[in-house]
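Q: I would like to go through this two-chain model with you. Could we fix the terms as we go along?

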Amino acid sequence: MSRVGAKAELDRAPTLLAERLAGFIRTLRASTFTVGLREGQDAAAILAAGYGDRPDLLRSAFKHLFSARKADWDKFDGIFDAFWLGRRVRSRVASSGTAADARNPSVKSMPKNSNAEPPRVSIDQIASDGGVKAEERTGEGRAEGASRTESLEEVDFRKLVDPTETAEAHAIAARLAHVMRTRLTRRDVARRRGYRLDLRRTIHRNISHGGVPIHLVKRNRKEKPLRLVILLDASGSMSLYTSAFLRFIHGVLDEFREAEAFLFHTRLAHVSDAMKEKDAARALDRLSVMAQGAGGGTRIGESLQTFNRWHAARVIHSRTCVMIISDGYETGDAAMLGREMEALARRCRRIVWLNPMLGWEGYSPEAAGIKAALPHVDLFAPANTLKSLAALEPYLARL
Amino acid sequence: MTLTRDTIAIRLAEVGYIADADLATALSIMYLLQRPLLLEGEAGVGKTEVAKALASVHETELIRLQCYEGLDQSAALYEWNYQRQLLAIEASKSQQADGTVDLEDRIFSEKYLLERPLLAAIRRPRSPVLLIDEIDRADEEFEAFLLELLSDWQMSIPELGLVKAVSIPHVVITSNGTRELSDALRRRCLYHYVDFPEIDREARIILARIPHAGAALSLQIARMVERVRKEDLRKVPGVAETLDWAAALVGLNITDLHDAPEVVHDTLMCLLKTREDSGRITREVTSRILGKVA
């Protein structure tokens with residue numbers, strides 16, 4: 001579509017250039033850039049203004065125009081160089097050859113054309129999508145050798161399809177979402193029924209009556225949804241419980257307006273997107289792929305560090321409750337876990353640590369990891385089944 | 001008026017902002033396409049400074065809208081001056097009744113309108129620079145309504161009618177990335193990621209802001225900060241912190257960092273803003289880093 005737009009704008013300019021530009025825009029779209037009609041026209045305007053004289057100038061100008069986020073910004077140079085600075089004749093052929101169907105991702109053919117930086121383009125393309133990234137990781141996971149634990153995990157996740165249990169998990173999540181949903185903020189909003197008078201707005205409303213206050217405007221507390229961030233331990237020692245909690249997470253992502261989920265074992269994986277997948281079978285595929293690194297041990301401290309460094313700023317705000325589901329058996333550095341928990345506690349509103357082992361008779365939290373973490377936890381509670389999770393409802397509601 | 005990239009870079013340097021070539025290009029196509037510029041990057045890399053420098057390059061007014069949670073129309077767009085309206089009503093009561101329609105027209109006129117930043121920005125005869133700072137702090141609703149203004153350059157005030165832009169402001173939006181911005185807003189804007197400056201540019205920035213520092217010390221400071229940024233810190237020092245530190249060193253009459261390693265360590269608190277970070281950079285670490293700085 002934008003090809004037409006760009007062309008119309010460029011009636012005067014050589015049609016070859018317009019075609020190349022259209023080809024470039026298609027290439028960008030294929031690499032998950034969002035490029036609309038306006039951008040095509042503006043790109044033509046940039047070319048017409050003489051920015052095309054020097055490649056570095058054109059690259060910089062297009063980079064600002066077409067990028068919308070940091071990921072785009074980082075991979076743009078590679079795509080630009082491959083398209084415009086690759087071998088000229090060949091890439092022209094490529095762009096006009098694929099002109100027939102816009103669906104055809106021309107970037108895929110680019111690496112063959114330009115031997116300059118083929119691997120960079122293809123890797124960047126993968127990195128743009130969280131789900132596919134995980135698949136790339138599985139490659140390594142498999143290479144490290146499939147252990148017994150890995151296959152166990154997969155079987156566990158498949159049980160997620162069991163309709164009755166899934167329904168139960170969703171019901172619990174829904175109830176929890178209902179009781180935990182809203183938190184009050186300090187800022188007031190105008191309401192018809194409120195606890196105090198909004199003098200300013202009342203006067204405004206009644207100017208037309210000569211200032212006699214006939215209609216009253218009141219203020220009330222503004223309610224904001226509580227955000228729930230779940231960090232689930234998917235290590236070998238937790239394998240008995242992972243499937244139950246995964247069902248729960250599935251329900252939480254469904255019911256809460258704002259929720260995020262992470263899985264960790266020896267590293268951290270962001271699984272919200274995979275879990276939000278409508279098609280259950282595909283969701284499971286993506287999930288079991290992510291969990292396959294499990295079994296080696298739990299580096300809670302390191303996973304938390306990754307979380308604090310890369311995800312916390314985006315995911316956590318002042319009305320966030322972080323729920324960590326883990327048995328606290330840390331194979332890494334316990335002191336590090338303590339430090340990271342402290343950092344996390346400063347950022348979020350509450351931390352809940354659910355420990356399946358706590359439900360066992362004669363168990364006390366002696367593991368070094370959990371000892372280091374406990375001072376920063378607001379609620380430390382047992383949860384080994386969905387039912388015990390449901391029993392926690394009154395406590396969680398108070399958070 | 002469109003400016004070329006080089007003219008912009010030179011003029012920015014004149015007002016004390018050392019820009020990289022990419023940013024100068026961004027500013028030049030910002031005029032060409034009349035699109036807002038979205039700046040993202042770590043805190044303290046000089047995002048807000050871009051807008052200030054831009055305003056002095058054009059010798060025009062800088063209108064700043066600081067975003068915060070709960071920012072609403074009456075704080076961002078316009079508000080009626082209710083007190084004055086009431087006074088006018090009371091005053092007209094004491095005089096003989098000259099028709100209410102007339103009164104209503106009067107109290108909903110320009111005279112009783114309080115301009116807020118967004119309205120002010122589109123009503124200036126000469127294009128101002130509009131800085132919308134830290135937009136990620138504002139609510140999503142605000143973003144949506146900003147979008148309308150940015151695409152049509154007009155806003156409607158029910159009592160007055162449509163207000164069209166007299167001149168189109170140069171809009172600079174900054175974000176710290178604490179919240180994901182909407183795709184619509186991102187698409188509307190040109191995007192520029194502001195990174196920490198490279199050593200050479202940071203030295204020039206120090207020299208431009210603190211001329212007493214001298215070229216040699218500036219370069220040393222820039223190299224040192226570059227190393228400190230590579231340490232495992234919670235809060236990576238930005239350009240503002242570098243300038244603070246440089247000012248402190250100059251104030252203490254230091255001309256060479258190697259002459260006074262003690263002072264270097266003691267003044268590092270200009271760069272390190274959390275307890276963990278200052279705990280992590282011990283005297284040994286400082287001397288190690290200092291050793292690597294030529």
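A: Certainly. Two residues are in contact if their C-beta atoms, placed from the backbone, lie within 7 Å. In chain A, 75% of the contacts with a separation of 6 or more are between residues 24 or more positions apart.

Q: Before the details, what kind of model is this, and what are its conventions?
A: This is a predicted model, in which local features need pLDDT of at least 70, side-chain atom pairs count only at pLDDT 80 or more, and totals for chains, interfaces and linings use all residues. Residues are numbered from 1 along each chain as its sequence is written, while chains are lettered from A and ligands numbered from 1 in the order in which they are written.

Q: And for chain B, what percentage of such contacts join residues at least 24 apart?
A: Among contacts in chain B between residues at least 6 apart in sequence, the share is 77%.

Q: How many helices and strands does chain A have?
A: Chain A has 20 helices and nine strands. Helices (H or I, at least four residues) and strands (E, at least two) are DSSP runs, numbered from the N terminus. Chain B has 15 helices and nine strands.

Q: How much of each chain is buried?
A: A residue is buried if 20 or more other C-beta atoms lie within 10 Å of its own, exposed if 12 or fewer, and partly exposed in between, with C-beta atoms placed from the backbone. On that count, 38% of the 399 residues in chain A are buried, and 35% of the 294 residues of chain B.

Q: Turning to the sheet in chain B: what is the strand order?
A: The five strands form an open sheet in the order E2-E5-E8-E1-E9, with parallel pairing. Two strands pair if DSSP finds at least two bridges between them. The edge strands, each pairing on one side only, are E2 (62-66) and E9 (190-194) of chain B.

Q: By how many degrees are neighbouring strands turned?
A: The average is 20 degrees, with direction ignored. Axes are lines fitted to C-alpha atoms, for helices over the stretch in contact, and angles run from 0 to 180 degrees between N-to-C directions.

Q: What about the bridges at the two edges?
A: E2(B) pairs with E5 (residues 129-133) of chain B in the parallel sense over five bridges, and Arg64(B) has Leu131(B) as its bridge partner in E5(B). At the other edge, E1(B) and E9(B) run parallel and are joined by five bridges; there, Gly41(B) has Val194(B) as its bridge partner.

Q: Is E9(B) covered or open?
A: E9(B) is mostly covered, with four of its five residues buried. Helix H2 (residues 21-33) of chain B lies across E1 (37-41), E8 (170-175) and E9 of that chain, and runs at about 160 degrees to E9(B).

Q: Now the interface. How many residues are in contact across the chains?
A: In chain A, 25 residues are in contact with 27 residues of chain B. Helices H3 (37-48), H4 (55-66), H5 (70-84), H12 (199-205) and H16 (300-315) of chain A each give two or more residues to the side that touches chain B. H4(A) supplies the largest share, five residues.

Q: What is the composition of that side of chain A?
A: It divides into eleven nonpolar, eight polar and six charged residues. Ala, Val, Leu, Ile, Met, Phe, Trp, Tyr, Cys and Pro count as nonpolar, Asp, Glu, Lys and Arg as charged, and the others, Gly among them, as polar.

Q: How do H3(A) and H2(B) pack?
A: Their axes are 11 Å apart, at an angle of about 110 degrees. H3(A) and H2(B) are therefore roughly perpendicular to each other; angles under 35 degrees count as roughly parallel, over 145 as roughly antiparallel, 65 to 115 as roughly perpendicular and the rest as oblique.

Q: Which residues meet there?
A: Asp42(A), Ala45(A) and Ile46(A) in H3(A) meet Ile29(B), Leu32(B) and Leu33(B) in H2(B). By class, this contact has five nonpolar, no polar and one charged residues.

Q: Back inside chain A: why does Arg227(A) count as buried?
A: Arg227(A) counts as buried because it has 22 C-beta neighbours inside 10 Å. Its place is in strand E4 (residues 227-233) of chain A. Leaving aside neighbours within four places in sequence, Arg227(A) is in contact with Glu258(A), Ala259(A), His317(A), Arg319(A) and Thr320(A).
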